[in-house]
Amino acid sequence: MGKRRVVVTGASSGIGAATVRLFREHGWDVVGVARRADRLAALAEETGAAVFPGDLTVQADVDKLRDYLAGSGPVHALVNNAGGAKGLDSVEAGAIEDWAWMFEINVLAVKRVTSAVLPLLRASLTAGPDAAGAAASADIVNITSIAGHTAYLGGGGYNAAKFAAHAMTEVLRLELNGEPIRVIEIAPGMVQTEEFGLVRFDGDAEKARAAYTNVPHPLLAEDIAATIVAAVELPAHVNVDLLVVKPVAQAAPHLVARGPLAPR
C-alpha cells in the first residue's frame with residue numbers, strides 16, 4: 001500500500017514525541033503538531049518527521065493544518081494526543097479558567113482536529129485494496145486517560161474533560177460504522193513524563209516529582225507510544241476499541257503501591 005502517513009498532536013514532548021519517534025522507526029511518514037516550534041524543529045532534525053507548529057485550541061490554526069496536510073500527501077492515521085490537567089482542587093473550589101482550559105485542549109481541540117482531518121482520512125481510502133488484496137483502512141486514535149473512566153478525589157475538571165473525551169470517542173465509532181475507519185481509544189494511567197505534572201501543579205517541580213516518589217516503575221512515554229503503534233499496525237479488520245494501560249503498581253487512579261512490589 002506504500003508508505004503511510006500519520007499525524008500526531010502534542011508532539012513536542014512526552015507521549016507525543018515518543019510516538020513520533022516510534023512511528024518513524026517503523027517506517028511511517030509522520031507530521032508532528034504542537035505549539036512550540038523550537039521543540040518541533042529539534043524533533044524533526046532528530047527523526048526526519050515533518051512538523052507543523054500550531055495551537056489546536058485556535059480554529060484558524062487547525063484550518064491551516066488541514067490545508068497543509070491536504071496539500072502535502074495522503075493521511076492514513078490521526079493520533080489525538082494533545083491534552084493536559086490543571087490543579088487538584090475540588091469541584092467547588094476549582095478555578096473556572098482551569099476547567100475551561102482542560103475542556104479546550106482535551107475535548108474541543110480533539111473535535112476540531114478530527115473534523116478537519118476526517119475528510120482527508122476518507123480521501124486516502126479511495127485507492128481501495130493493495131496489490132496483495134489487503135483492504136484500505138484509516139485510523140483515529142484518541143489518547144484519553146483512566147481519569148475518563150474512574151472518578152477520583154481531586155480529579156474535578158480533568159475527570160469531567162476526559163469523561164467527555166471518552167464519550168466523544170464512543171459516539172464517533174458509532175457514527176463511522178460501515179466505513180473502513182477504526183476509532184481507537186488508549187487510556188493511560190500513571191505515566192511519568194517531563195511536563196504533565198509541571199502543568200498540573202503550575203510549574204511546581206517538587207509537587208510534580210512527589211506523585212511518582214517510591215512508585216516502582218511508573219509508565220514512560222515510550223510505553224504508551226508502543227501501545228499506540230501496535231494498535232494501529234494490527235490487521236485492518238481488528239479494532240482496539242479501548243486499551244487501558246497502567247503500571248502494575250497502580251490498581252486505580254487513587255490506589256498506587258509505593259515501595260518494592262513483592263508477593264504476600
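## Helix H3 against helix H4

Contact here means heavy atoms within 4.5 Å. By that criterion, in this predicted model, Gln59, Val62, Arg66, Leu69 and Ala70 of H3 meet Arg112, Val113, Ala116, Val117 and Leu120 of H4. Sorted by class, the contact of H3 with H4 has 7 nonpolar, 1 polar and 2 charged residues.

Two packed helices are described by the angle between their axes and the distance between the axes. For helix H3 (residues 59–72) and helix H4 (residues 96–124), the axes come within 10 Å and cross at roughly 20°. That angle makes H3 roughly parallel to H4, since angles under 35 degrees count as roughly parallel. The crossing of H3 and H4 is right-handed.

## Helix H1 against helix H2

The axes of H1 and helix H2 (residues 37–47) come within 10 Å, with a crossing of roughly 20°. H1 and H2 are therefore roughly parallel to each other. Their crossing is right-handed.

On the H1 side, the residues in contact are Ala17, Val20, Arg21 and Arg24, which meet Leu43, Glu46 and Thr47 in H2. The residues of this contact of H1 with H2 divide into 3 nonpolar, 1 polar and 3 charged.

## The sheet

The model contains an open sheet of 7 strands with parallel pairing, in the order S3-S2-S1-S4-S5-S6-S7. Strand S3 (50–53) and strand S7 (242–245) stand at the edges with a single partner strand each, so one side of each is left without a neighbour in the sheet. On average, and with direction ignored, neighbouring strands of this sheet are turned by 15° against each other.

Strand S1 (residues 5–9) and strand S2 (residues 29–34) run parallel and are joined by 5 bridges. One bridge pairs threonine 9 with valine 33, the latter in S2. S2 is mostly covered, with 5 of its 6 residues buried.

## Helices across the sheet

Helix H1 (residues 14–25) lies across S1, S2 and strand S4 (77–80), and runs at about 165° to S1. H3 lies across S1, S2 and S3, and its direction is at about 155° to S3. Both H1 and H3 thus appear in two settings: H1 also meets H2, and H3 also meets H4.

## Asparagine 142 and leucine 172

Is asparagine 142 buried or exposed? Asparagine 142, which lies in strand S5 (residues 138–143), has a relative accessible area of 4% and is therefore buried, the limit for that class being under 20%. Residues up to four places away in sequence aside, asparagine 142 touches Asn80, Val110, Thr169, Ile184, Glu185 and Ile186.

Leucine 172 belongs to helix H5 (residues 156–175). With a relative accessible area of 10%, leucine 172 is buried. Which residues does leucine 172 touch, not counting residues up to four places away in sequence? They are Thr114, Ile140 and Val183. Thr114 falls within the residue range of H4 (96–124), and Ile140 within that of S5 (138–143). The C-alpha atoms of leucine 172 and arginine 182, which are 10 residues apart along the chain, are separated by 9.8 Å.

Notes
Residues are numbered from 1 along each chain as its sequence is written. This is a predicted model: local features need pLDDT of at least 70, side-chain atom pairs count only at pLDDT 80 or more; totals for chains, interfaces and linings use all residues. Side-chain values use heavy atoms; hydrogens and water are left out. Axes are lines fitted to C-alpha atoms, for helices over the stretch in contact, and angles run from 0 to 180 degrees between N-to-C directions. Helices (H or I, at least four residues) and strands (E, at least two) are DSSP runs, numbered from the N terminus. Angles under 35 degrees count as roughly parallel, over 145 as roughly antiparallel, 65 to 115 as roughly perpendicular and the rest as oblique. A crossing is left-handed if the near helix is turned anticlockwise from the far one by less than a right angle, and right-handed if clockwise. Ala, Val, Leu, Ile, Met, Phe, Trp, Tyr, Cys and Pro count as nonpolar, Asp, Glu, Lys and Arg as charged, and the others, Gly among them, as polar. Two strands pair if DSSP finds at least two bridges between them. Buried means under 20% relative accessible area, exposed over 50%, partly exposed in between (1.4 Å probe, protein chains only).
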